[in-house]
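Biologist: I would like a close look at one part of this model, the open sheet. Please put it in the setting of the whole chain.

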Amino acid sequence: MPAPAARAAGQVSHEGSAVTQSPLSTAEADAIVAKDEQYIMRPWTHPKGEPVIVARAKGCVVTDVHGKDYLDFTAGYFVNNAGHCHPRIVEAATQQLTQVLQVSGKHGTIPAILLAERLVKLLPASINQAFFSTGGSEANEFALKMARQASGKADVAYLENAYHGLSLGALEVTASEKYRESAGKPLGDHTYTIPNAYCYRCKFGPASGCKVECLDGVDAQFAARPAGAVLAEPIQSVGGLAPPRKWWDRLDALRKKHGMLLIIDEVQTGLGRTGKMFGLDHYGLEPEIVSGGKGLSGGVGSLAMTCAGTEVIKKFFGGTTPTSGGNAVSAAAGLALIGTLLDEGMIDNAAAMGRHFTEAAWALRDPWIGDVRFTGLLGGIELVADTGTKAVLPKKALAAVKDALHDAGMLITMSGTHGNVLRLQPPLVVTAAQIDTFLATLKQVLATVRAAG
Ligand code: PMP
């Protein structure tokens, strides 16, 4: 391999982000980027500068093949909660590599069994066993199957603007019309939405007087269409919508009144992200089924879970694919992840850094910052053109903000019902200094984009 291109480590690029020594020469890096374009299928529109082809990652920093560093406020798409390549996770996975890799869910391995035990003990008492699969969509498909088999009812209610995955079954409980159309055929008509808690844009007036009026019609909806279950994230990741406790109390009472199971999707809210081990811990919920995925294997392979209580499990007669579920290396890494989150105080750090993010973002006093919503490190900043009317910042300005942040070495995604929320979900090891660096950049970017008109 030719010598790497001469470039001083730590040199600052024209966009302001650091450039560290890349293991590849510029020509080699360019060739990899060209091969990505030629061979990798990416059926979506990229924001400017994406995809980033990552050569290395550590903690909250990822480095691309050209040596440009980014602060990763996406945690590798909300997966690497303990930070990229945490040594304890790498060590656990490496140890397991020489023991046994995969035997299918029909049999068992020590790490998968121990991980199931750990999860069941961390989840509410309503949960007794775990079933492992490979991704969040799949975990939710099994949750739907379990709920339908246990309840004998086909219908499932889910929240407005919910996202539970893009496979055909999961799409039935994902609200976005754009995504639903991707199925290329009508979806089944056995699911329906109930209102979510978008308190910033509440139709019923100021939050101080909230009587959870948004759920007023749900009793009648459940009566008109008896459903087997209601499926929801405890805190909606799209837009970072954390309902008040009384919202969940009311919905939980309603679903119990109508004999419906509760399925809680912890794919994104789980494993410390919200400042508690699971998002449901904020509300004292006792669901019959809990799904999870994303960071469950600490970023080593892909692992997902569908956990349930005994009554549901007794009626679950199957229709599952055991081929890949519970990979031993992923499970060993998952065990190390949970140990690391607890032993290194990362969940408390998520709670503290969420508070810091909130205070420091409001302190910017930027006229485009309409709302700042963090529960731990889940959520973000909602951008508006006018804080009085709450008019959504126009698409062109949103794209300019996203692009300028990217150029400056800040990896983020946009989220929310109107696509105007800067979703800021770094690894849980993020420091106040890294958050301050991000916010100083954001302040400058917002002013520049505004000035450009
Ligand atoms: N549920 C939620 C809440 C999610 O955020 C996601 C992924 N963004 C999924 C389900 C689907 O997970 P996957 O992409 O692993 O299928």
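Before that, what percentage of the 453 residues in the protein do buried residues make up?

Modeller: Buried residues account for 47% of the 453 residues. Keep in mind that this is a predicted model. The whole protein comes before the sheet. It has 14 helices and 17 strands. Its radius of gyration is 22 Å, close to the 22 Å from the globule rule for 453 residues, so the protein is as compact as a globular protein of that length. Along the principal axes, the C-alpha atoms fill a box of roughly 65 × 60 × 45 Å. Now take the contacts between residues at least 6 apart in sequence: 73% of them join residues at least 24 apart.

Now the sheet. Four strands form an open sheet in the order β13-β14-β17-β16. The pairing is antiparallel. Two strands sit at the edges, β13 (369–375) and β16 (413–415), and each pairs on one side only. On average, neighbouring strands of this sheet are turned by 25° against each other, with direction ignored. In general, strands of a sheet pair through backbone hydrogen bonds, either parallel or antiparallel.

Look next at the β13 edge. β13 pairs with β14 (residues 378–383) in the antiparallel sense, over six bridges. One bridge can be named by residue: I369 has L383 in β14 as its partner. A helix also belongs to this picture. Helix α12, residues 346–363, lies across β13 and β14. The helix runs at about 170° to β13.

Conventions:
Residues are numbered from 1 along each chain as its sequence is written. This is a predicted model: local features need pLDDT of at least 70, side-chain atom pairs count only at pLDDT 80 or more; totals for chains, interfaces and linings use all residues. Two strands pair if DSSP finds at least two bridges between them. Axes are lines fitted to C-alpha atoms, for helices over the stretch in contact, and angles run from 0 to 180 degrees between N-to-C directions. Two residues are in contact if their C-beta atoms, placed from the backbone, lie within 7 Å. The radius of gyration is taken over C-alpha atoms; the globule rule is 2.2 Å times the number of residues to the power 0.38. A residue is buried if 20 or more other C-beta atoms lie within 10 Å of its own, exposed if 12 or fewer, and partly exposed in between; C-beta atoms are placed from the backbone.
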